[in-house]
Amino acid sequence: MRTQAGAPLSRRRFLALSAAGAATGAASLSGCAMQVSNGVSGPGETVTVMATAEDLSPELIKQAQKDIGVKIRTVLFSTSKLIAMMTNGNPPDLVRGIGAVDAPYYAARGVMEDLDPYFAKSSVLRVDDLDPVNDLWRYDGRSQGKGPRYGMAKDFSQDSMFWYNTALFDQAGVDYPPDLEPVTYEEWLDTAKRLTRRRKGQTTVFGGSYNGVSTIDMLAGLTVSAGGSLFTDDFSRVDFTSPEARKALGWYIEYCRTKVGPSIIQPDPNAWDGPTFQANRLAMSNSGYWLGGLINADKKLAPLARLAPAPVFQGGKRISPCQAGTGFWIPSKSHNKDAAWRVFEWFFGEAPAKARASGGWGIPTLKSLRPLMPAQESYQKRVLKVQEAELKHYSVIAFTPYATADSLLGLFNQIAPAAMNGEMSVDTLARRLNSAMNDQLKRGKEQVG
């Protein structure tokens, strides 16, 4: 399958291609020299950025105008709004996206600008300085991870790595995981069972949380760890009945069934791991290095929290993927690409990037910014040692271009609870997931062509 980069974009075509997704759907720091773009720029211009409130604060928008002379107008991220703006011929100039799952989907539909010419001219974002995680934003018309660059990640984590609370391990009399060698997924789940605490039918301490950024992307990674692939070679089908995918699915269903951690049948009242981990009600969280931003700000919790490598299935393959790689891309129909690129450079390589790196909210996606990662305290040095050792196990887990992660997650959440509640076997679940998801992927492949 080739990318449709040259195809005309009609409202009917884009709505058809995007229906699945829509339906479910800071100051600069001392000690690191500021690089200034000597390529394209857009002083005095206005750039429309579709983002969430967390991506660009009012203070950061003011800083952009001061630093680079570009006014930023924000539009709250919405898939349906994005579709409407693009098909009406007035797209945003920059769009928030999750590289791990969005890049192949939108690149295959020819709506993303090839940024290779911009990277080639930039003195701020040099290709030789890009962390390999940015390959999530590459797509060659067949597979993710190679080909033109369509975006960039603002920071990242290896999201199968997990934090653990040493105080809760001590209370339960459980040994800590090794710093540099992975436990098996089987051991992780057994440990989570031992750490779980219940009183009067209520869970007072979750033994561990393992849900990933997206359940579908996580299951794809688990399948690779088991030695297989969730998707066929052309990404047009899933096969949960293969031995490796069945092993990954069975492990996750067991995690949910035993209720050692949050899931769709036992939701976390806080909606995410951060507050629960901070309240000493979660012993392990597979949130990756990114959660360190919250942990570093809590002086009582930080000395108790440690980071451990991504687990591996017994007899399986050691991998440590990124399930997000959140960043920005430029629509191919943007009317202000040069100014958008100047904002792109500033956001990913100048003051905002340095501020993010120093806070511990993710690993910088420029290798030159890694010296800014927190390492003042002894516990921060320990975390950094574990994280630096883990980087060599990173690899891109390619995702299908034929459906959004949200649309596949919607199908999973409809079908899987019966298995989680013990009302359906994992083998039956695997067959039903294949049927539902492969229908969706077939329609997506027909639309892309």
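This report describes a sheet, a helix that crosses it, a second helix and the confidence of a predicted model.

Residues are numbered from 1 along each chain as its sequence is written, and side-chain values use heavy atoms, with hydrogens and water left out. Because the model is predicted, local features need pLDDT of at least 70 and side-chain atom pairs count only at pLDDT 80 or more, while totals for chains, interfaces and linings use all residues.

The pLDDT, the predictor's confidence in each residue from 0 to 100, averages 91 over the chain, with 90% of the residues scoring at least 70. Over residues 1-40 it stays under 50, and the model has 98 contacts beyond four places in sequence for them, a contact being heavy atoms within 4.5 Å. Where pLDDT is low, the predicted coordinates should not be read in detail.

Helices (H or I, at least four residues) and strands (E, at least two) are DSSP runs numbered from the N terminus, and two strands pair if DSSP finds at least two bridges between them. An open sheet of five strands follows the order S2-S1-S3-S13-S6 with mixed pairing. Strands S2 and S6 stand at the edges with a single partner strand each, so one side of each lacks a neighbour in the sheet. Strands S6 and S13 run antiparallel and are joined by three bridges; alanine 153 has glycine 327 in S13 as its bridge partner.

| Element | Residues |
|---|---|
| Strand S2 | 71-76 |
| Strand S6 | 151-153 |
| Strand S13 | 326-329 |

Helix H3 (residues 79-87) lies across S1, S2, S3 and S13.

Eleven of the 13 residues of helix H12 are buried (under 20% relative accessible area, 1.4 Å probe, protein chains only), so H12 is largely enclosed by the rest of the structure; among them are Trp341, Arg342 and Glu345.

Key:
Axes are lines fitted to C-alpha atoms, for helices over the stretch in contact, and angles run from 0 to 180 degrees between N-to-C directions. Buried means under 20% relative accessible area, exposed over 50%, partly exposed in between (1.4 Å probe, protein chains only).
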